[in-house]
Amino acid sequence: MFAYYFDLALRSFRRNRVLTALMVLAIALGIGASMTTLTVFHVLSGDPIPQKSSQLFYPQLDPRSMDGFTAGEEPEDQMTRYDAEALLRDAKGDRQAVMTGGGAGITPERQGLAPFAIDVRYTSADFFPMFEVPMLAGNAWTKVEDDRHERVVVIAKKLAEKLFGTTNAVGKNMRMDGHDFRVIGVMADWRPTPRFFDVNSDRYGDSEQAYLPFSTSRDLDMGRNGSMNCWDAGDDAQDDPEGETGVNAPCTWLQYWVQLDTPEKAEAYKRYLVNYSDQQHASGRYARPTNVRLRNVMEWLDFRRVVPGDVRLQMWLAFGFLAVCLLNTVGLLLAKFLRRSPEIGVRRALGASRKAIFAQCLVEAGAVGLAGGILGLGLAMLGLWAVRQQPAAYADLAHLDPAMLVTTFVLAIASSVIAGLVPAWHACQVTPAVQLKSQ
């Protein structure tokens, strides 16, 4: 029966080509606009590490002074060096890592290659297994190298090829900020989207080109970047030779992640954070009441509203445009079906039920949606190409994946069928006697 109704729909299209073309175009424009923005939103709001996102947690503490205190407000987004290193020593999680971003100057040994600057990440050994960073050659460092403050580095494939060409980079020396580092590993391409482990810098940009032990970076006083929040920093910072990045400096500037493999471990770790905060408060180091948070990856990204606000706005505007297009389609379908009232009256007189007429009209509406979906897919791909030409950091990520391809046709057909409900209902109300008398 469906094939018969579909054949009737195709015949109807040929009889009313202009009207059909207008409906297909209306749906295609709505689908093209909405799928373009929905695809961008889908890419930016996806789970960057789906296999472990429920096991990776971002702890927050509140070590600030009482200045500006408001009960119930969120604790600091980052940690002080004192707290991060204390939690790292306690090692209460299955894995844990402290980290921050930085920049360094590279002095290449390769002839003809001028010095250049790169983004680097200072972190601890668990960073690599915890985030499942793929390695192309060699290995990451271990806690032993962390404790020894060794000058080792893991570099990205792109940097390895730039510095050493096709030669294996593992074991080579790399001069960074005037210091020699031994390359112990080369990473395969790795670009989690968004960069969940540090949302204080470029959230959708490329990952850093080099990774080295946090302890070593502090020994060498290497430059850092990213946000920092200090309070009552004057005297303490001046007393500490490392200034605002010193161990006792009242400044939050470090990211800290912990892996907790079961919900029970997560509950236990939260209790540990509460106890740790209570101890700091009792010792006089914390002034504010105990205030801790422990969010997993997706909760953390949602809390930080990682998806740009303009992307959300564009998506809702596009769906509003789709609704307007569907309203126009409702009117066009209604005009088309009612124009065929004599034909429907004859079918009813010959025994077709209202249910059959209703189904036939919905199949015709779905066929219009299918055609609109095909044309809308082309418009969506054109729209995504336009997005990729924008200077935004996420622009190159705007590609249609298989899931969104299927969504395009499901949305097109579903929306057109919904748009066809009212016209189909009016069509099946046609009275055969009235139509036959009018003929």
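Helices, taken as H or I, and strands, taken as E, are DSSP runs numbered from the N terminus. I used these runs throughout, on what is a predicted model.

**Entry 1. Overall form**

I counted secondary structure first: the chain has 15 helices and twelve strands. I then looked up the radius of gyration and found 31 Å, where a compact globule of 439 residues would have one near 22 Å. The C-alpha trace spans about 100 × 60 × 35 Å along its principal axes.

For burial, I noted that 50% of the 439 residues count as buried. The accessible surface comes to about 20,400 Å², and carbon and sulfur atoms hold 57% of that. I also checked contacts between residues at least 6 apart in sequence, and 76% of these join residues at least 24 apart.

**Entry 2. Charges**

The chain carries 45 positive and 48 negative charges, and I find their mean positions 15 Å apart. Side chains of opposite charge can pair when their charged atoms come close. I get a count of 22 salt bridges.

I looked at Glu208 in some detail. Which residues does Glu208 meet in salt bridges? One partner is Arg121, with the closest N and O atoms 2.9 Å apart. Glu208 sits in the loop between strand S8 (179-187) and strand S9 (210-213), while Arg121 belongs to strand S4 (residues 116-123), so this pair ties together parts 87 residues apart in sequence. I find both Glu208 and Arg121 buried.

The other entry I made for Glu208 is its salt bridge with Arg195, at 3.1 Å from N to O. Here both residues lie in the loop between S8 and S9, so the parts tied together are 13 residues apart in sequence. Glu208 has a relative accessible area of 5% and is buried. Arg195 is buried as well, with 3%.

I next took Asp396 and Arg191, whose side chains form a salt bridge of 2.7 Å, N to O. Asp396 is in the loop between helix H13 (354-388) and helix H14 (402-428), and Arg191 is in the loop between S8 and S9, so the pair ties together parts that are 205 residues apart in sequence. Are these two residues buried or partly exposed? Asp396 is partly exposed at a relative accessible area of 40%. Arg191 is also partly exposed, at 27%.

I also recorded a network of salt bridges that links Asp62, Arg64, Glu73, Glu76 and Arg288.

**Entry 3. A buried Asp without a salt bridge**

I went to Asp146, which is placed in helix H5 (residues 143-148). How far away is the nearest side chain of opposite charge? That side chain is Lys143, at 7.3 Å, and Asp146 is buried yet has no salt bridge. A salt bridge needs a side-chain nitrogen within 4 Å of a carboxyl oxygen, so the Lys143 distance does not qualify. Leaving out residues up to four places away in sequence, I list Thr123, Ser124, Ala125, Trp141, Pro213 and Ser215 as touching Asp146.

**Entry 4. Helix H3 and its surroundings**

I checked helix H3 (residues 81-90) for burial and found Arg81, Asp83, Ala84, Glu85, Ala86 and Leu87 buried. What do the buried residues of H3 pack against? I list strand S2 (79-80), strand S3 (95-107), helix H7 (214-219), strand S11 (251-259) and helix H9 (263-282).

Just after H3 comes Ala91, with a positive phi of about 50°. I place Ala91 in the loop between H3 and S3. Its relative accessible area is 39%, and Ala91 is therefore partly exposed.

**Entry 5. Backbone exceptions**

Most residues other than glycine have a negative phi, and most peptide bonds are trans. I kept a short list of exceptions.

- Ala91 has a positive phi although it is not a glycine.
- Asp177 is not a glycine either, and has a positive phi of about 50°. I find Asp177 in the loop between strand S7 (173-176) and S8. Asp177 counts as partly exposed, at 33% relative accessibility.
- Thr193 and Pro194 are joined by a cis peptide bond, with omega about -5°. Pro194 is found in the loop between S8 and S9.

I close on that loop between S8 and S9, which also holds Glu208 and Arg195 and Arg191.

Notes. Residues are numbered from 1 along each chain as its sequence is written. This is a predicted model: local features need pLDDT of at least 70, side-chain atom pairs count only at pLDDT 80 or more; totals for chains, interfaces and linings use all residues. Side-chain values use heavy atoms; hydrogens and water are left out. Helices (H or I, at least four residues) and strands (E, at least two) are DSSP runs, numbered from the N terminus. The radius of gyration is taken over C-alpha atoms; the globule rule is 2.2 Å times the number of residues to the power 0.38. Buried means under 20% relative accessible area, exposed over 50%, partly exposed in between (1.4 Å probe, protein chains only). Contact means heavy atoms within 4.5 Å. Accessible areas come from the Shrake-Rupley method with a 1.4 Å probe; for residues, only the protein chains shown count as cover. Lys and Arg count as positive and Asp and Glu as negative; His and the chain ends are not counted. The place of a charge is taken as NZ of Lys, CZ of Arg, CG of Asp or CD of Glu.
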